[in-house]
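Colleague: I would like a close look at one spot in this protein. Please start small and work outwards.

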Amino acid sequence: MEISALTRSVVKRNHAIIAPDGYINSNVPGWTNCTVNVIINEQMGARLAQTLITLRAGGQLRGRTEAAQIFFYVVAGQVQVTVDGQDRTLTEGQYVYVPIEQDYLFQQPTDGTQVLTFHKTYEPLAGHAVPGVVFGERDIAKAPVYMNDEALRIQELLPNELGFDMAVNIFTYSTGGHLPMVETHIMEHGLLYLQGQAIYMLDQQWYPVKKGDSIWMAPYCQQWATAMGQEDSVYIYYKNVNRFPT
Ligand code: UGY
Ligand code: MN
């Protein structure tokens with residue numbers, strides 16, 4: 001039997017690892033018949049929020065974005081989505097970006113459907129339109145090689161345009177693949193492992209991580225990672241982009 005006094009989760013000043021074993025549910029008005037785990041938010045010192053929602057059959061996510069835009073990604077299962085008069089069925093690997101001041105409705109999920117969300121307060125940019133709704137899906141064929149390293153592939157899920165102030169990417173590492181250098185940067189990350197295992201270095205500390213784990217990296221949290229195990233290691237991550245670094 002596992003010892004319940006142990007966890008791989010850590011919460012530090014400039015990074016956190018949240019493993020599913022410590023989840024406690026939150027109630028979010030308008031999100032019904034589901035469990036909601038708020039994994040990253042401003043209480044940690046973060047400027048983004050990241051949640052993981054597990055919907056029961058009959059569950060709904062009904063709401064309106066206000067100052068914050070929301071990116072929804074289906075991790076498992078299937079759900080009907082209505083945003084801006086557009087109806088879609090989203091299944092595993094599909095997503096919708098909901099810009100500010102927009103109603104959304106998720107309904108008729110298959111039991112156990114899991115949805116990941118990234119939320120960021122939108123920063124307008126003079127001369128650039130506020131983004132519209134974006135639907136899309138994970139597609140390894142749309143994931144170019146990263147920094148000339150065949151072991152690394154990144155798919156950008158949102159358009160690379162200045163109107164967007166957040167990016168969401170899927171990063172695939174073949175076994176043994178690793179980040180080409182220790183990154184030290186102003187941008188912040190929220191991240192969920194979708195597949196496989198890895199060793200992540202955060203601020204000179206080393207952590208084994210795997211599918212289901214989330215990571216928060218504050219600005220300037222030093223980061224490096226390498227895949228381990230038999231299968232590719234894959235994570236989806238948020239990054240703030242395209243705005244003047246005040
Ligand atoms: O986009 C990035 O900064 C990315 N390479 N960082 C990361 O995967 N930790
Ligand atoms: Mn980075």
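How does asparagine 169 sit in the structure: buried, exposed or partly exposed, and how many other C-beta atoms lie within 10 Å of it?

Modeller: One caution before we start. This is a predicted model. Now to your residue. Asparagine 169 is partly exposed, and 18 other C-beta atoms lie within 10 Å. A buried residue needs 20 or more such neighbours, and an exposed one has 12 or fewer, so a count of 18 falls in between.

Next, its place in the chain. Asparagine 169 belongs to strand E14. Set aside the neighbours within four places in sequence, and its contacts are Ile154, Gln155, Glu156, Leu157 and Tyr237. Not every part of the chain comes that close to it. Alanine 198 is 29 residues away along the chain, and its C-alpha atom is 17 Å from that of asparagine 169.

Now look at the strand beside it. E14 covers residues 166-173 and is joined to E20 by eight bridges. The two strands run antiparallel. In general, strands of a sheet pair through backbone hydrogen bonds, either parallel or antiparallel. You can follow the pairing residue by residue. Valine 168 stands opposite tyrosine 238 in E20. Isoleucine 170 has isoleucine 236 of E20 as its bridge partner. It also helps to know that side chains in a regular strand alternate between the two faces of the sheet.

E20 has another partner. Strand E15, residues 189-195, is joined to E20 by six bridges, and this pair is antiparallel too. There, leucine 192 stands opposite isoleucine 236. So what surrounds E20? Six of its eight residues are buried, so the strand is largely enclosed by the rest of the structure.

Step back to the whole sheet. Eight strands make up this open sheet, in the order E1-E2-E18-E15-E20-E14-E13-E12, with antiparallel pairing. Find E14 in that order, and you will see E20 on one side and E13 on the other. The edges are strand E1 (10-11) and strand E12 (145-146), and each of them pairs on one side only.

There is also a ligand to locate. Around ligand 1 are Phe171, Glu183, His189, Gln223, Tyr237 and Lys239. Tyr237 is one you have met, as a contact of asparagine 169. By class, the shell has two nonpolar, two polar and two charged residues.

Two residues have an unusual backbone angle. Most residues other than glycine have a negative phi. Asparagine 242 has a positive phi, near 70°. This residue comes in the segment after strand E20 (233-240). Asparagine 242 is partly exposed, with 15 other C-beta atoms within 10 Å. Glutamine 204 also has a positive phi, of about 65°. Look for glutamine 204 in the loop between strand E16 (197-202) and strand E17 (205-210). It is exposed, with 8 other C-beta atoms within 10 Å.

Now the domains. Domain 1 spans 24-137 and domain 2 spans 140-240. Their centres, taken over C-alpha atoms, are 21 Å apart. The contact between them takes 26 residues from domain 1 and 19 from domain 2. On the domain 1 side, several strands each supply at least two residues, among them strand E3 (31-40), strand E4 (48-64) and strand E5 (68-76). The largest share, four residues, comes from E5. This side of domain 1 holds 18 nonpolar, five polar and three charged residues.

Finally, the whole protein. There are zero helices and 20 strands. The radius of gyration is 18 Å, close to the 18 Å that the globule rule gives for 246 residues, so the protein is as compact as a globular protein of that length. Its C-alpha atoms fill a box of roughly 55 × 45 × 35 Å along the principal axes. Of the 246 residues, 34% count as buried. Take the contacts between residues at least 6 apart in sequence: 68% of them join residues at least 24 apart.

Key: Residues are numbered from 1 along each chain as its sequence is written. Chains are lettered from A and ligands numbered from 1 in the order in which they are written. This is a predicted model: local features need pLDDT of at least 70, side-chain atom pairs count only at pLDDT 80 or more; totals for chains, interfaces and linings use all residues. The radius of gyration is taken over C-alpha atoms; the globule rule is 2.2 Å times the number of residues to the power 0.38. Two residues are in contact if their C-beta atoms, placed from the backbone, lie within 7 Å. A residue is near a molecule or strand if its C-beta atom, placed from the backbone, lies within 6 Å of it. Ala, Val, Leu, Ile, Met, Phe, Trp, Tyr, Cys and Pro count as nonpolar, Asp, Glu, Lys and Arg as charged, and the others, Gly among them, as polar. Domain bounds come from an automatic or database domain assignment. Two strands pair if DSSP finds at least two bridges between them.
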